[in-house]
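Q: I'm new to this one and would like a close look at a single part of it. Could you take me through the salt bridges, and then show me how the rest fits around them?

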Amino acid sequence: MKINLTTVAARAAAVVVAAVAGAASFEHIASVAIAAGERPWVGYSLPLAIDGLIVVGVAALLEDKRNGRAGRMSARLAVVVGVLATLAANVASAQPTWTARLVAVAAPVSFLLSVEVLTRSGRPLKRTQERSTAGPGSGDSKTRSGGQRGPTRTSKRTSATTVLAHRPDISPVELANVAGITERHARRLVNGQRTAS
């Protein structure tokens, strides 16, 4: 399987940013909890519960999206509560000046954005190549019906298999871009095609 070094480097950088920002946020939340009179073990486990709540909520929303379901309300609530709690704790740990508070907020904001980068993939660009490569009958539903916003799941699958039939050596990244599907789904299709052949 072809490895995209740019993607690997971007993901590695996001992991490093998330780790550093998470460590800073961890320290801020723990110091606030201990200063508030909590026992040390509670103070040092509370950041995992707060920042972990955000990760759990985002993961649940992504799972719902992958399965074609609307995001569950509990997952949205988990993200909102986690974000508010981590921002409040980080601000509370700072000196009572605007500069100190802005610096304290930098850690949770960096952590939240890193989690977003690591858990979400960009939307594929619409290209003329998609229509010419996919062939007739696999165009998006917006062109056919005029009212829908994009291709349906079935037409995406048909388009991807059509592209694979014409270009068996295509990489998963290229297939995802051309067919408008996720890289993960494209990788499954490419691996399945090569295993079958």
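A: Here is a walk through the salt bridges, with some background first and the surroundings after.

Keep in mind that this is a predicted model. The protein averages a pLDDT of 78, and 77% of the residues score at least 70. It's a helices-and-nothing-else sort of layout: nine helices and zero strands. Of its 197 residues, 30% count as buried.

Now for the part you asked about. The structure holds five salt bridges. Let's start with Arg72, whose side chain meets that of Glu63 in a salt bridge, at 3.4 Å from N to O. How covered up are these two partners? Arg72 is partly exposed, with a relative accessible area of 33%, and Glu63 is partly exposed too, at 35%.

Next comes the pairing of Arg69 with Asp64, where the closest N and O atoms are 2.9 Å apart. Here the two ends sit in unlike settings. Arg69 counts as partly exposed because its relative accessibility is 44%. Asp64, on the other hand, has a relative accessible area of just 2%, so it is buried; the cut-off for buried is under 20%.

There's also a salt bridge between the side chains of Glu174 and Arg167, with an N to O distance of 4.0 Å. Glu174 is partly exposed at 36%, and Arg167 is partly exposed at 24%. As for the residues we began with, Glu63, Asp64, Arg69 and Arg72 are joined into one network by salt bridges that share partners.

So much for the charged pairs; what about the nonpolar residues? The largest nonpolar core has 12 residues in all, including Ala160, Val163, Leu164, Ile170, Leu175 and Val190. Three helices give two or more residues to this core: α7 (153–166), α8 (172–179) and α9 (183–196). The one that gives the most is α8, with four residues. Apart from this core lies another, of 11 residues, with Val58, Val79, Leu112 and Val115 among them.

Some nonpolar residues are out on the surface instead. Ile3, Leu5 and Val8 form a nonpolar patch there, with about 330 Å² of accessible area together. You'll find Ile3 in the segment before α1 (5–35). Ile3 counts as exposed because its relative accessibility is 58%, and the cut-off for exposed is over 50%. For the protein as a whole, the accessible surface comes to about 12,300 Å², and 63% of that belongs to carbon and sulfur atoms.

How do the pieces of the chain meet each other? Looking at contacts in the protein with a separation of 6 or more, residues 24 or more positions apart account for 51% of them.

One last thing to watch as you look around is the confidence. Which helix has the highest confidence, and which the lowest? Helix α3 (residues 73–92) is highest, at a mean of 89, whereas helix α6 (residues 141–145) is lowest, at 46. Over residues 138–148, pLDDT stays under 50. For that stretch the model has 18 contacts beyond four places in sequence.

Notes:
Residues numbered from 1 in each chain as written. Predicted model: local features only at pLDDT ≥ 70, side-chain atom pairs only at ≥ 80, totals over all residues. Heavy atoms only, no water. Buried < 20%, exposed > 50% of the residue type's maximum accessible area, 1.4 Å probe, protein only. Contact = heavy atoms within 4.5 Å. Areas by Shrake-Rupley, 256 points an atom, 1.4 Å probe, with all protein chains shown as cover. pLDDT = per-residue confidence, 0-100. Patch = residues over 30% accessible without salt bridge, like charges linked within 9 Å, V, L, I, M, F, W, Y side chains within 5 Å. Core = buried A, V, L, I, M, F, W, Y, C linked by side-chain atoms within 4.5 Å.
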